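Grab a pencil and work through these short exercises on aromatic rings and surface residues. Try each task yourself before you read its solution.

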Amino acid sequence: MKNELFPGEEAPLLASNTAKKDISVSEDEKNSRSNRTMTLIIAVSMVMCILVIGMSGAGDSSVTEEISHIPISLEGQTGKGCKLQATLPGYGCDKFQAKQLGTGYKTPQECAVAAHADSACSGNEIMFAPVYNYAWGCRCCKPKPSGSVDAVYSKNPNWDVYKYTAPTKAVTVYKRLPSYGCDRFQAKQLGTGHKTPEACAAAAMADPACSGNEIMFAPVYNYAWGCRCCKPKPSGQDKDVYSANRNWDTYKYVGAVKAVNRLPGYGCDNFQAKNLGTNFKDAGECADAAFKDSACTSNEIMWSGYSYAWGCRCCKPKPAGSDANVYSKNQNWNIYQYNLPVDLVQTCAPPPPTPNPTPNPTPKPTSKPTSKPTPKPTGKPTLEPTNTPTAEPTVTDSSSPTISPTSSPTESPTFPPTLSPT
């Protein structure tokens with residue numbers, strides 16, 4: 001293959017053979033070295049297989065987009081089954097409240113966004129009353145004074161305190177073109193300090209000089225050639241635009257903008273801004289494109305399971321009115337919100353485990369559960385408690401025993417009582 005290295009670049013030299021040393025080696029050491037050698041041979045074989053597979057597509061007339069997810073771990077993620085909860089349920093910050101922001105905020109998230117944008121809210125907490133918010137409104141707190149929770153905050157079952165932080169940004173890296181580089185439209189060399197494609201993509205995302213959404217990364221020679229970001233891809237076929245080079249791989253990074261599914265089953269087609277095309281794998285990619293497109297003047301997109309055909313569509317700013325009246329109901333579309341200025345701190349509070357969970361708690365355990373709770377456990381539970389004596393003896397003593405049980409109690413005892421109840 002021609003042009004394996006770019007002009008002005010040389011492959012790093014391998015170290016020269018070192019002089020042999022005469023060192024006596026124990027039998028255990030020989031075995032250890034033998035094992036390490038075998039492991040190295042297997043590893044090299046696997047790498048060669050991967051390279052052969054990767055090189056097989058380099059000569060195709062059209063280079064397909066090979067997807068290899070390498071997600072960067074996100075901060076603030078909670079475990080499965082956890083849900084958003086207040087930082088301090090049943091407390092308020094009225095002792096150090098900063099400002100009452102009004103009653104127009106329907107959720108803690110909306111309240112936190114308003115607090116983040118208001119210079120009077122000098123702390124990073126809000127107090128929100130889920131039941132009485134319509135009257136009491138959203139309130140932000142000053143920085144928390146020193147002291148214990150009970151000494152600083154006010155206990156009140158109607159208020160909850162939420163803590164908010166700067167949003168966590170995510171980047172997902174796709175290995176889009178193995179054995180190709182973007183040197184013809186390279187934007188910037190970002191240095192050799194980025195050891196992985198993920199780290200390189202994160203640096204590119206943060207650098208304004210990287211105006212595209214791709215990087216080129218040399219897995220073997222990265223320590224010398226460094227991480228490089230690309231300008232937006234010129235028009236044309238991949239094989240005509242990118243340079244074939246087995247030492248480089250081109251990665252696409254997407255999902256830099258966090259998207260939240262705000263309204264499942266709705267679309268913004270009544271106030272759609274632009275159809276951004278079908279070249280997006282998920283709502284994260286769609287949101288990333290909308291964020292960068294000047295025609296998308298709001299922070300919402302509509303995304304569908306059929307977006308491979310219908311495309312990614314961004315919305316204009318939402319008109320006045322309730323969601324149900326403004327958005328169009330359609331089970332195939334979802335409204336995603338992106339570029340939220342704050343994230344609420346999430347805590348995980350699973351319910352306490354029970355030995356054997358029951359559908360409904362029972363007042364007292366019974367030997368065999370009845371359809372309705374009984375006042376006292378019985379030997380053989382009946383469907384409903386009986387009010388009159390039964391034909392057969394009961395478990396407990398009767399107030400006036402009879403020789404032969406009657407269907408209803410008698411006014412006075414008959415024959416002398418027996419020694420034991422019947």
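**Exercise 1: a ring pair**

W136 is partly exposed, because its relative accessible area is 28% and that class sits between buried (under 20%) and exposed (over 50%), using a 1.4 Å probe and protein chains only. One note on the source: this is a predicted model, where local features need pLDDT of at least 70, side-chain atom pairs count only at pLDDT 80 or more, and totals for chains, interfaces and linings use all residues. Also, residues are numbered from 1 along each chain as its sequence is written, and side-chain values use heavy atoms, leaving out hydrogens and water.

Task: Is W159 buried or exposed?

Solution: Check the accessibility. W159 has 6% relative accessibility, so W159 counts as buried.

**Exercise 2: classifying pairs**

Task: How many aromatic pairs are there, and which type is the pair of W136 and W159?

Solution: Start with the rule. Rings of Phe, Tyr and Trp (its six-membered ring) pair if their centres lie within 6.5 Å; planes under 30 degrees apart are stacked, over 60 edge-to-face, and the rest tilted. By this rule there are ten aromatic pairs. Next, take W136 and W159: the centres are 5.3 Å apart and the planes at 25 degrees, so this pair is stacked. The pair links distant parts of the chain, with W136 in helix α3 and W159 in strand β6 (residues 154-165), 23 residues apart; helices (H or I, at least four residues) and strands (E, at least two) are DSSP runs, numbered from the N terminus.

Now try Y306 and W310: with centres 5.2 Å apart and planes at 45 degrees, the pair is tilted.
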